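Let's walk through this one together, starting from one end of the chain and finishing with how the copies relate. Have the structure open as you read.

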There are 2 protein chains.
Amino acid sequence: MPSYHAPLADFQFLLRDWLKLDKHYQEVGLTDFDVELANEIIAQGAKFATDVVAPLNRDGDEAGCQLQDGKVTTPKGFAAAYQEYVANGWNAMLGPDEFGGQALPYTIAVPIHEMLNSANLSWRLTTMLTESTVLAMCKHASDDLQQKYLHKLVSGEWTGTMNLTEPHAGTDLALLNTKAEPQQDGSYAITGNKIFITGGDHDWTDNIIHMVLARLPDAPKGVKGISLFLVPKLLLDDEGNPATPNALSVGSIEHKMGIKASPTCVMNYDGAKGYLVGEPHQGLACMFTMMNDARFQVGLQGLGAAEASYQGALAYARERLQSRAPQGVQQPGQKADAILFQPDVARMLLTQKSLTEGCRALSLLYAKYMDKERTNPADQQAADVLQFLTPICKAFMTDMGLEVTSLGIQVFGGHGYIREWGMEQLMRDVRIAMLYEGTNGIQALDLIGRKLTRDGGKMLQSTYAAFTDLVTQIEDAEHQSRAQALLDDWRASSAECLGMSAADVAAAACDYLAFSAYSLLGVLWYSMADCAQRADNKAIAESKRKTCAFYEARILGRRDAHRLAFKAGADSVLAVKGAEFDYQ
Amino acid sequence: MPSYHAPLADFQFLLRDWLKLDKHYQEVGLTDFDVELANEIIAQGAKFATDVVAPLNRDGDEAGCQLQDGKVTTPKGFAAAYQEYVANGWNAMLGPDEFGGQALPYTIAVPIHEMLNSANLSWRLTTMLTESTVLAMCKHASDDLQQKYLHKLVSGEWTGTMNLTEPHAGTDLALLNTKAEPQQDGSYAITGNKIFITGGDHDWTDNIIHMVLARLPDAPKGVKGISLFLVPKLLLDDEGNPATPNALSVGSIEHKMGIKASPTCVMNYDGAKGYLVGEPHQGLACMFTMMNDARFQVGLQGLGAAEASYQGALAYARERLQSRAPQGVQQPGQKADAILFQPDVARMLLTQKSLTEGCRALSLLYAKYMDKERTNPADQQAADVLQFLTPICKAFMTDMGLEVTSLGIQVFGGHGYIREWGMEQLMRDVRIAMLYEGTNGIQALDLIGRKLTRDGGKMLQSTYAAFTDLVTQIEDAEHQSRAQALLDDWRASSAECLGMSAADVAAAACDYLAFSAYSLLGVLWYSMADCAQRADNKAIAESKRKTCAFYEARILGRRDAHRLAFKAGADSVLAVKGAEFDYQ
């Protein structure tokens, strides 16, 4: 496996030149930060990702996790890497000051997240969920719970988990039936079975804090009767130290396609002591604080895997000599030309590159709006943009991750299918990202069925405005006009969805999301390419300009196919019934 | 894993009603056969695939193959299933009469191949390569070699392999340097290393016959200096029985993403005794006899995996209750509706169905032309159609296999990622099919760079004529006109490729192939749907009509995206150079 290199030059270009980070930090009042500091922290994060985490990735996949005597063991080196991560303060990067966090801007944290995902997706998952747990607790937990638990979750002395899914209740949480019985001491006895719990147990820390959805005895049916509980693996003593084992256990760990070094646990709660987080019956809203964050983070997993695959494929394409290029001999001193010069291989690499870098721009734009929202919760436009872009980031960036990692295998030919090269692991690992935190189909329904239509299309308008900002900064008149036309066309097609029936909306969802993503990525490409012409780095200027041209010529046309599909309505989708699916 | 059911009703419809098998057998002189006999043999094949081979699939993936003391062991039950296959005569289904074969029409064998692939891709591979070996030997080997080896290869007492790839020579066979030194007895001493040898060793038979590409001492450079040799694992004694170990060994077996129950061997030849097959320096032509057959067979692997995945996803979607359907409550007596009623799930299932059944029609049309070619080698139109469709079948049906098996995972949600359900295995297993027997990129270059342009587009014309035959039989005037328009549009766009530069052709290849495949599948759908209206089975009539409408509304638009891409030329693909791929 070619070693991973952090794409620092791209981060620097995007943050300094494209997002204009210095101006942004001034505007949002993050005056402790500037682009120099950002680059410095990101470079340190790059060092950790490449030197500490990436080398564990291949062996971790082979070793997997083990469950013995109720305890989960992660692969060799994983726990030590985590302890180094914590010791260096990385776990605290997003946590609030008051609990020992560094409260870094998202525009600094997101590149670090991407790199951790590229380096070792399995390893990253547990720290990601801890960050989500911190977010949810900051927003919803009582002062008492915050004081008892947040310091150690922020530092990473303890990790967090999300417990939503039950065997019969995945997408439809209304069906969940884990119970919470009130106890005399104000706590609750939690009883039920949860599945697919990432980091449900491990050998990294001496406590794990589970965030568990359950029903109170008097709960209304459906999703309006779900509450959120904090359930520690070990109950704390009076000094706040882990002391007594709680009534919970790991039933089993899953054997999966990928992310084998991440323990995916079946958790059994047998009257475990839990504490209510937020108001009774408001658990879903509380969980959604975690979930929206987690959804964007899952999108970053697609991006991280895509970048790693592109790097591997590019390195191989430069080294592997086979045949002569049809446009003429390229390396006369060699027995054959590097396959990089084969137009079809270059097509695959540029498909990887244009999608990966386009999604990186999307992720950093999203991060910029997260900075805005965090520093000014009253910024409704920022909140709207984030709401609208969350399902796009989650679904598109993970669909893209699958395509790009599959292309990475293809560039390697038969060698891509062999485990030792690591290319197939990237594809297996990233496949989960299309499924968890809400399948990509659910994301698409969220986008078209909720985000698009809510408040008469206000989120669409805010997102349109955010991208118009980018378009107006494009100096090249021809590119500006193409970007504007693309954006207007997207808005017009989006507006046509507003009058659709519920069934048409549902049938259109995935294609509408893909149509939107390819459109918006097009705008991002015109914007980046134009901006790059004024960058100092000539390779960046040429690279972005040419990759934009590639995206326009070879990728953007996918919009048309998705538009035709989503405009076709539900009739052809719902017509087939019963035995017509599989006549005998 | 839901158990596999052979799609017998679809085979029957396609063979009897759509392909009009009785008339076809009369026309090509296969008068020993009729549609009743075909259905009977296919039903027996279905029984073998479902009862004997399919149950071994999941455990085989977990167990994998082992190499110990130079010998390969396959998973439990695999060897016994093979012996049953041989005992029941299945291995001989395509072999010629004179060597004990049954010489079944391809229109009977291809459905059986599809079912074996659905049931257990790993298990099927070795028998597939034996069939290819028989083909190549029938065409190119001397009488003496045929008499000594063909009886037992046809019966399956021995198996065959293809040895092309070397570590530094995959796509570019010109680079291969395995040597063949002439010996006094007329044999050759073969020395070199071959990789990716499927079935290079196993515990099924007491001999294995390797077909090995190597260079004679006086060989011209490049692909014109390659010869084909037959190299048995055990040399035969005077009675023709395996006796003396040949100087060859298994260096290692590969650890792969999937098809883990199929041994993929590194083969070392250390002066092994081999026999020339065909003329000196004509090895590549001889190997292409195997390869064209193998390429179509690999396409069938995509189809087989797709069918298995569709069946699994459909069964799950019918059982899994989550949420209510947006078009209204469907199962009021249940706590929720089956996810089958969710438009987005139906969209995924119908994407699977329309692609799978479309490719099945393509494979049987191909089989019909194989019958024609075999019974009348002078039928140039049949030869043209097969030449043209081979890369399309190989590449499109395997790309399709990946998409469909990934959708199968998606329908299962998180459960699709768990190994015990078997859905992820289908995706891992089928991923190889895009790589071996020439990557799909190589198939696309073969199509656009050789097949399309050779003899002024004659193969295109023959293929156009073959599909026009289908269009003229469409009785519904509206559908006939749409099918004709689609076909004419495809031909016109294809003709535009004829004047392209070599670089433009190479840059266009994959998108041109996909454009062609979606176009031709559209014609097949109009043809099938129309024909089904006159079938006795009402469920088929409705199913084909509605699935055609789905394909037209939701899939066919992909053509536009691929056309835009392949017409864009090579400029945007070749513009990016050197450090512009990964500026620092």
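**A tour of chain A and its partner**

Over residues 477–576 of chain A, the chain is 83% helix and 0% strand, with the end C-alpha atoms 49 Å apart. Keep in mind that what you're looking at is a predicted model. That stretch has a label too: an unreviewed UniProt entry lists residues 477–576 of chain A under "domain: Acetyl-CoA dehydrogenase-like C-terminal".

Now step back along the chain. The unreviewed UniProt entry puts "domain: Acyl-CoA dehydrogenase/oxidase C-terminal" on residues 282–450 of chain A. There's no strand here either: residues 282–450 of chain A come out at 73% helix and 0% strand, and the C-alpha atoms at the two ends sit 19 Å apart. Further back, the annotation "domain: Acyl-CoA dehydrogenase/oxidase N-terminal", again from the unreviewed entry, covers residues 43–157 of chain A. A little strand turns up in residues 43–157 of chain A, at 5%, next to 65% helix, and the end C-alpha atoms are 24 Å apart.

The domain assignment cuts chain A in its own way, giving domain 1 (8–143), domain 2 (159–282) and domain 3 (439–572). Taken over C-alpha atoms, the centres of domain 2 and domain 3 of chain A are 39 Å apart.

For a closer look at some packing, find helix 1 (residues 8–18) and helix 16 (residues 502–532) of chain A, whose axes lie 11 Å apart at an angle of about 85 degrees. That angle makes helix 1 of chain A roughly perpendicular to helix 16 of chain A. On the helix 1 side, the contact uses A:Phe13, A:Leu14, A:Asp17 and A:Trp18, while helix 16 brings A:Leu524, A:Ser527, A:Met528, A:Cys531 and A:Ala532. Sort the residues of this contact between helix 1 and helix 16 of chain A by type and you get seven nonpolar, one polar and one charged.

Finally, how does chain A superpose on chain B? A rotation of 180 degrees with 0.0 Å of shift along its axis does it, at an RMSD of 0.0 Å. That's the relation of a two-fold axis. Both copies use the same surface, with 100% of the contact residues of chain A recurring in chain B. To find the rotation axis, head for A:Ala561: of the residues of chain A, its C-alpha comes closest, at 3.0 Å.

Terms used: Residues are numbered from 1 along each chain as its sequence is written. Chains are lettered from A and ligands numbered from 1 in the order in which they are written. This is a predicted model: local features need pLDDT of at least 70, side-chain atom pairs count only at pLDDT 80 or more; totals for chains, interfaces and linings use all residues. Side-chain values use heavy atoms; hydrogens and water are left out. UniProt positions are given in the numbering used here, feature names are shortened, and annotations may be inferred rather than shown by experiment. Helices (H or I, at least four residues) and strands (E, at least two) are DSSP runs, numbered from the N terminus. Copies are superposed by least squares on the C-alpha atoms of residues with pLDDT of at least 70 in both. Contact means heavy atoms within 4.5 Å. Axes are lines fitted to C-alpha atoms, for helices over the stretch in contact, and angles run from 0 to 180 degrees between N-to-C directions. Angles under 35 degrees count as roughly parallel, over 145 as roughly antiparallel, 65 to 115 as roughly perpendicular and the rest as oblique. Ala, Val, Leu, Ile, Met, Phe, Trp, Tyr, Cys and Pro count as nonpolar, Asp, Glu, Lys and Arg as charged, and the others, Gly among them, as polar. Domain bounds come from an automatic or database domain assignment.
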